[in-house]
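User: Please take a close look at the backbone and side-chain features of this model, beginning with one loop position of your choice and then working outward through the charged and aromatic contacts. I would like a careful, connected account rather than a list.

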Amino acid sequence: MDLLEQSLRKAFINRKEIGSQYDPKLIINQPEKKEFLLNNLQDETEKCVSFIFSIAFVTQDGLNAIKTYLNDLNQRGVKGRLITSTYLQFNHPDVFESLMKIPNLEVRLSEKRGFHAKGYLFEHQDYHSFIIGSSNLTMSALKLNYEWNVRLTSYNHGEIIHQMKMHLEEQWEQAIPLTQEWVTEYRENYIVEEITDLSVINDPPLKENYIVPNRMQEAALSSLKALRESREQRGLVISATGTGKTYLAAFDVLNARPNKMLFIVHREQILKDAMRSFQRVIGGSSGDYGILSGNRKDINAKYLFATIQTISKLEYHQLFEPDEFDYILIDEVHKAGANSYIKTINYFEPQFLLGVTATPERTDKINIYELFDYNIAYEIRLQEALEEDLLSPFHYFGVTDYEKDGEVISEVTDLKHLVLEDRVKFLIEKLDYYGVSHNKVRGLVFCSRKNEAELLAGQFNRLGIPSSHLTGDHSIEDREYEIQRLEAGEIEYIFTVDIFNEGIDIPMVNQVVMLRNTQSSIIFIQQMGRGLRKHKSKEFVTIVDFIGNYKNNYMIPMALSGDISGNKDNLRRDTFETSYITGLSSINFEQVAKERIFASIDLAKLDTIAELRKTYTKLKERLNRVPNLSDFKESNTLDPLIIMNRSDNYHDFLKKMKDSDQVLSDIDNKILKFLSKEILPGKRQHEIVLMKALMKSNSYMMTRVEIVQLFKQFNLDYSQRTVDSVIKTLSLDFYTGTLKMAYKGAELINIESEMIKFTQAFIEALKVDYFVEHVQDVLKTAWLLSKEFDQSSPLTRYQKYYRRDTIRLLGWKEQIVDQNIGGYVRDDEEKIFVIFVTLDKGEDFQGAEIAYEDALLDESTMHWVSKAGRKLRSPEIKIMQNPKDWAIHVFVKKSDDEGLDFYYLGEVQPKVDTIHQLEKPTGDGKSKSVVEMELKFKEPIESRLFKYLR
């Protein structure tokens with residue numbers, strides 16, 4: 001059956017039919033599921049050969065959501081058209097300016113009365129697709145609003161497409177071209193509404209003329225109050241830049257009602273702003289507030305705001321008694337490891353000491369958590385702050401850096417190449433293309449070197465873009481002067497090296513440009529955060545990250561997603577699937593930039609003992625104890641499986657960290673190794689549930705009937721095949737070959753008739769408390785990991801599995817060694833056929849006699865080749881010719897660079913009419929027969945994963 005016909009039958013006649021990539025689809029924004037119209041629009045734009053949109057309302061942020069895709073289309077020579085209007089004067093003049101900067105987009109303006117269209121038509125190689133519904137090209141419509149849209153597909157000769165194209169062409173001919181002259185006239189006549197921002201963080205909401213805390217601040221204040229009520233004297237608040245830490249502190253001081261308060265900052269220019277914020281919240285006489293700095297000495301003030309440079313000096317300590325201040329607050333407290341802070345903290349004895357910071361992690365050996373007695377009163381990171389609408393929405397663009405004669409910018413590129421006039425013009429073109437809110441640039445540019453910042457600022461000035469540069473060599477006065485110029489619009493850019501990473505508030509910044517290698521995810525977020533403060537002059541901030549051939553590119557998805565687990569698959573997924581970002585923000589990568597990140601991920605060494613030690617030490621410092629394995633998962637600090645890739649078990653890992661002097665027997669170590677390698681990944685909950693139940697049982701035994709009841713209780717499959725598989729796993733009867741030998745002696749259960757019980761060796765091991773703690777920790781971690789899998793089915797689509805995992809979870813009676821499986825294996829009794837495919841086998845692939853040409857043709861179709869020597873009469877090919885009652889599963893990985901595990905893509909059905917036999921050359925100059933065919937997935941592959949695998 002034709003694919004489109006198949007999809008139409010599924011959509012309109014029988015939903016049980018096998019679908020294809022052409023399936024009609026109802027699209028509704030569902031933020032809780034990270035499903036948005038935006039993803040569908042980006043997918044269609046990315047793969048089309050032309051397009052035409054008829055959209056009434058367009059905003060700059062909506063346009064931003066597809067700019068990288070339009071750029072990639074432009075690189076391929078693909079053009080598109082847009083019909084819009086001035087209906088209700090919704091479209092701001094700025095968006096028309098932005099539209100004119102897209103070289104492969106032709107725009108016309110409909111003069112049709114009441115123009116309110118919302119349609120997106122895409123031309124592909126041999127079909128058209130279109131999205132029609134209620135959504136305009138605005139970020140609210142693409143991500144947040146409750147909208148209904150339908151995506152449909154038609155062949156080029158279809159009647160509905162014919163009608164649409166005829167109508168659109170008619171409207172196009174009647175519309176007028178967008179020109180600069182038209183925009184100028186429109187702007188002159190445009191009725192400007194004052195830009196308002198109802199939730200600016202620097203000005204908390206008012207209620208009956210009183211300033212009130214936002215929801216995040218209320219939660220933090222409650223936690224701080226509870227700390228003091230429990231007689232704790234120190235507390236730490238971790239809060240993303242721009243989320244109102246100063247106001248939070250003021251609210252808490254208002255609650256604590258100290259007789260005298262000291263607020264310590266590291267830069268004098270912050271003092272006055274902080275003092276004003278406190279006055280707005282606390283009120284009282286202006287005489288209650290004072291400053292202690294190089295210029296002022298208001299030492300008798302009730303609320304004293306001091307620089308650390310001044311208050312840390314001995315002569316100023318002597319002006320105050322140790323208990324002079326009931327409440328002391330330290331801003332940007334991650335700097336508190338410096339000697340000046342330590343001296344001050346050690347001298348004063350307040351009733352309560354509060355530290356606030358966006359980044360408690362230190363690169364030196366100072367433990368900030370320890371300074372505050374490990375009392376984390378509240379924590380809100382970037383993602384949560386966006387969800388709470390505490391920050392300005394942002395549009396991150398990962399763009400391709402300058403390339404000449406095949407040479408790409410890298411961390412070792414000579415300065416002369418960084419400031420080449422051609423590169424500077426390239427940078428300006430990109431910055432102009434991706435633009436800013438309301439087209440008036442106030443930008444910060446982060447460079448890698450001082451002289452680079454100075455020279456680039458000079459180049460921008462010569463090309464008519466007023467700019468300046470600031471480095472650590474400039475005075476405070478110099479910095480304040482340049483910031484004032486930026487805010488006043490006298491300059492458009494400040495080029496800098498690191499000094500604006502933190503502690504500087506320039507809320508008007510609407511573009512952050514990164515021209516340097518990402519050294520750490522912490523610094524990345526700090527620099528991005530310079531533009532995230534809300535301000536009435538902007539609706540969003542643009543982040544433009546120029547991505548060269550940097551070895552640390554893998555840190556970019558790590559920083560944006562907040563996933564620091566070290567799991568490479570997560571990093572790849574967070575690069576090609578960016579719907580994890582919340583609210584009206586978006587993350588987009590140009591295709592080449594994306595490929596550079598993938599290459600960096602492949603090469604990154606994230607699981608070396610040295611790297612693991614760093615992460616382990618940070619978590620230990622935060623917890624003030626030796627972490628359990630489950631702590632890594634619960635804190636989203638590190639994927640526990642990465643630890644297990646480098647150790648036999650967690651006890652073994654702790655010994656490498658020099659944090660355990662306990663001794664376990666060889667058998668105990670083997671048991672923990674088996675649990676850590678086979679049960680810990682959590683791909684099936686049955687073993688976890690059974691182990692926990694047996695450990696709670698006084699007799700350490702259960703009947704098969706009791707096991708079935710146990711699985712029923714947890715809503716798990718309790719078929720005899722599954723129960724047998726679980727028992728064979730824990731008894732090690734499933735395992736063969738080298739794994740059987742490696743685990744020998746680690747059998748956890750014996751089977752006697754219908755009774756299942758722990759082995760005597762395991763019972764003896766359970767007498768050692770330290771061993772029991774490790775077993776319980778493994779089971780707890782496994783349970784946490786198991787939540788990522790669909791436990792209602794043996795396999796979860798798009799999760800990754802090793803070959804032995806697959807056949808174990810599908811109920812094979814015993815393991816088959818990977819080399820004996822090769823490309824596929826089958827169970828004739830249960831009629832299960834499992835196929836494993838490596839798509840990119842590499843130029844020097846030596847794993848087979850012939851060059852296999854397996855390939856994903858589209859989201860619903862795979863081209864598949866049998867093993868060498870197979871003919872049409874071979875048993876497995878006969879199954880493919882008559883697949884009735886067979887379950888055929890396909891697992892795919894992109895290349896061997898990604899490891900030994902495969903993505904599960906789902907069940908397939910062979911297209912019988914495509915099955916044919918042919919001869920393929922072998923390495924010795926001869927040939928062998930193979931059989932090739934097309935396999936149809938019962939459900940199309942998720943589009944983003946398909947594109948990644950392709």
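Analyst: Lys658 is a suitable place to begin, and in this predicted model Lys658 counts as exposed, because its relative accessible area is 72% and the cut-off for that class is over 50%. The residue is located in the loop between α28 (650-656) and α29, and its backbone has a positive phi of about 60°, although Lys658 is not a glycine. A second lysine, Lys34, also has a positive phi of about 60° without being a glycine. Lys34 is in the loop between β1 (25-27) and α2 (37-47), and its relative accessible area of 31% makes it partly exposed.

Helix α29, which follows the loop of Lys658, leads to the aromatic contacts. A search of the whole structure returns 52 aromatic pairs. One of them joins Phe53 and Tyr120, whose ring centres are 5.0 Å apart and whose planes meet at 70°, so the geometry is edge-to-face. Because Phe53 belongs to strand β2 (residues 50-55) and Tyr120 to strand β5 (residues 118-123), this contact ties together parts of the chain that are 67 residues apart in sequence. Phe53 is buried at 2% relative accessibility, and Tyr120 is buried as well, with a relative accessible area of 1%. Phe674 and Tyr743 form another edge-to-face pair, with 5.3 Å from centre to centre and 75° between the planes. Here Phe674 sits in helix α29 (residues 666-679) and Tyr743 in helix α33 (residues 737-743), so the pair connects parts that are 69 residues apart in sequence. Phe674 is buried with a relative accessible area of 0%, and Tyr743 is likewise buried, at 2%. Elsewhere, ring pairs link Phe789, Tyr801, Phe836, Phe891, Phe902 and Tyr904 into a cluster.

The charged contacts can be read in a similar way. Side chains of opposite charge can pair when their charged atoms come close, and the structure holds 51 salt bridges. In one of them the side chains of Lys534 and Asp389 meet with an N to O distance of 3.0 Å. Lys534 lies in the loop between α21 (521-528) and β25 (541-547), while Asp389 lies in the loop between α16 (382-387) and β18 (394-400), so this bridge ties together parts that are 145 residues apart in sequence. The two partners fall into separate accessibility classes: Lys534 is buried, with a relative accessible area of 5%, whereas Asp389 is partly exposed at 40%.

A further bridge joins the side chains of Glu764 and Lys767, again with 3.0 Å from N to O. In this pair Glu764 is partly exposed, with a relative accessible area of 39%, and Lys767 counts as exposed at 59%. Glu907 forms a salt bridge with Lys938, where the closest N and O atoms are 3.4 Å apart. That contact links distant parts of the chain, since Glu907 is in strand β36 (residues 902-910) and Lys938 in the loop between β38 (927-937) and α39 (943-949), 31 residues apart. Glu907 is partly exposed at 27% relative accessibility, and Lys938 is partly exposed too, with a relative accessible area of 30%. Beyond such individual pairs, salt bridges that share partners join Asp569, Arg572, Asp602, Lys800, Glu898 and Asp901 into one network.

Surface patches complete the account. Glu268, Glu477, Asp478 and Glu480 gather in a patch of negative charge on the surface, and helix α20 (residues 476-488) supplies the largest share of that patch, 3 residues. Glu477, which is placed in helix α20, is exposed with a relative accessible area of 56%; a residue enters such a patch when its relative accessible area is over 30% and it has no salt bridge, so the patch members stand apart from the paired carboxylates described above. A nonpolar patch of about 450 Å² is made by Leu26, Tyr146, Trp148 and Val150. Within this nonpolar patch, Tyr146 is found in the loop between α6 (139-144) and β7 (149-155), and at 63% relative accessibility Tyr146 counts as exposed.

Technical notes
Residues are numbered from 1 along each chain as its sequence is written. This is a predicted model: local features need pLDDT of at least 70, side-chain atom pairs count only at pLDDT 80 or more; totals for chains, interfaces and linings use all residues. Side-chain values use heavy atoms; hydrogens and water are left out. Patches are made of residues with over 30% relative accessible area and no salt bridge: like charges are joined within 9 Å, nonpolar side chains (Val, Leu, Ile, Met, Phe, Trp, Tyr) within 5 Å. Accessible areas come from the Shrake-Rupley method with a 1.4 Å probe; for residues, only the protein chains shown count as cover. A salt bridge is a side-chain nitrogen of Lys or Arg within 4 Å of a carboxyl oxygen of Asp or Glu. Lys and Arg count as positive and Asp and Glu as negative; His and the chain ends are not counted. The place of a charge is taken as NZ of Lys, CZ of Arg, CG of Asp or CD of Glu. Helices (H or I, at least four residues) and strands (E, at least two) are DSSP runs, numbered from the N terminus. Buried means under 20% relative accessible area, exposed over 50%, partly exposed in between (1.4 Å probe, protein chains only). Rings of Phe, Tyr and Trp (its six-membered ring) pair if their centres lie within 6.5 Å; planes under 30 degrees apart count as stacked, over 60 as edge-to-face and the rest as tilted.
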